[in-house]
Amino acid sequence: MNWIPKRKGAYYCSSACGGRCTWEAYQQAKTEARKAIKILGAGWKARVFENMGWHWTVTRGPISVHNGYWVMISEDPQRADHGSCLWTYNTTTYHKDPRVAVRRAAKIMYSVMNRLAKVEKSVRVTIDQFNKKAGG
Ligand SMILES: [Zn+2]
């Protein structure tokens with residue numbers, strides 16, 4: 001599979017993709033990524049990629065902002081399959097202002113953390129009980 005895009009007239013697409021992606025869409029993705037970074041501020045890195053169309057992501061540590069301004073918080077946002085993502089379904093948020101989307105995602109993450117802390121307390125009580133029993 002060759003994911004290196006080739007320019008052919010109005011198209012800019014790789015043989016592995018085959019989605020007839022356009023040069024215009026590629027340029028637009030780059031522009032949108034730059035615009036997002038301008039809004040978000042320093043420390044964000046852009047990635048423009050092709051998969052049945054041109055897409056972009058800007059990341060800063062565990063936070064990734066995607067085209068359309070949906071946000072995900074993940075242990076490893078660089079992983080394409082988001083396999084290590086603990087929060088995908090809980091923190092995927094959309095907003096026309098990426099900063100609002102990031103704030104929402106963080107708020108949901110904190111809420112998940114608080115819920116986990118409560119569960120952890122209950123689990124700890126059980127484990128402590130095991131540990132008090134001789135040979136437990
Ligand atoms: Zn393509």
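Arg20 sits in the loop that connects strand S2 to helix H1, and in this predicted model its phi is near 50°, a positive value in a residue other than glycine. Most residues other than glycine have a negative phi. Arg20 counts as exposed because it has 12 C-beta neighbours inside 10 Å, and the cut-off for that class is 12 or fewer. A second case is Met52, which lies in the loop between S3 and S4 and has a positive phi of about 55° although it is not a glycine. Met52 is likewise exposed, with 11 other C-beta atoms within 10 Å. Positive phi values also occur at two glycines, and the four residues are listed together below.

| Residue | Location | Phi |
|---|---|---|
| Arg20 | loop between S2 and H1 | near 50° |
| Gly41 | following H1 | near 105° |
| Met52 | turn of the S3 and S4 hairpin | about 55° |
| Gly68 | turn of the S5 and S6 hairpin | about 90° |

**Overall layout**

The protein chain contains 3 helices and 7 strands, which follow one another along the sequence in the pattern β-β-α-β-β-β-β-α-β-α. Of its 136 residues, 20% count as buried. When contacts between residues at least 6 apart in sequence are considered, 32% of them join residues at least 24 apart.

**The sheet**

Five strands build an open sheet in the order S3-S4-S5-S6-S7, with antiparallel pairing. S3 and S7 are its edge strands, each of them pairing on one side only. In general, strands of a sheet pair through backbone hydrogen bonds, in either a parallel or an antiparallel arrangement.

At one edge, S3 is joined to S4 by 6 bridges, the two strands running antiparallel, and within this pair Ala46 stands opposite Val58 of S4. S3 and S4 form a hairpin with 3 residues between them, and the turn includes Met52, the exposed residue described above. Further into the strand order, S5 and S6 (residues 70-73) are antiparallel and joined by 4 bridges, with Ile63 having Ile73 of S6 as its bridge partner. These two strands also form a hairpin with 3 residues between them, and Gly68 is in its turn. At the other edge, S6 pairs with S7 (residues 93-94) in the antiparallel sense over 2 bridges; here Val71 stands opposite Thr93 of S7, while Trp70 has Tyr94 of S7 as its bridge partner.

**Helix H1**

The 18 residues of H1 (residues 23-40) should span 26 Å at 1.5 Å a residue, and the end C-alpha atoms are 26 Å apart, which agrees with that expectation. Tyr26, Ala29, Ala33 and Ala36 are the buried residues named in H1. Because they cover an arc of only 85° around the axis, these residues lie on the same side of H1. The face turned away from that buried side carries the exposed residues Glu24, Thr31 and Lys38. The buried residues of H1 pack against several elements, namely strands S2 (11-13), S3 (45-50), S4 (54-60) and S5 (63-66), together with helix H3 (98-132). As for the sheet, H1 packs on it by touching S3, S4 and S5, and the direction of H1 makes about 20° with that of S4. After the helix comes Gly41, with its positive phi.

**Helix H3 and the nonpolar core**

H3 has 35 residues and reaches 50 Å from its first C-alpha to its last, close to the 51 Å expected at 1.5 Å a residue. This helix lies across S5, S6 and S7, running at about 35° to S6. Its buried residues include Pro98, Ala101, Val102 and Ala105.

Which residues have the most contacts inside the largest nonpolar core? That core has 18 residues, and Val65, Val71, Val102 and Ala105 are the ones with the most contacts inside it. The elements giving two or more residues to this core are H1, S4, S5, S6 and H3, and its largest share, 4 residues, comes from H1. Val102 touches Ile63, Val65 and Val71, leaving aside residues up to four places away in sequence. Two of these partners have already appeared in the strand pairings, Ile63 as the bridge partner of Ile73 and Val71 as the residue opposite Thr93.

Conventions:
Residues are numbered from 1 along each chain as its sequence is written. This is a predicted model: local features need pLDDT of at least 70, side-chain atom pairs count only at pLDDT 80 or more; totals for chains, interfaces and linings use all residues. The expected span of a helix is 1.5 Å times one less than its number of residues. The arc is that of the directions from the helix axis to the C-beta atoms. Two residues are in contact if their C-beta atoms, placed from the backbone, lie within 7 Å. Two strands pair if DSSP finds at least two bridges between them. A nonpolar core is a set of buried Ala, Val, Leu, Ile, Met, Phe, Trp, Tyr and Cys residues joined through C-beta atoms within 7 Å. Axes are lines fitted to C-alpha atoms, for helices over the stretch in contact, and angles run from 0 to 180 degrees between N-to-C directions.
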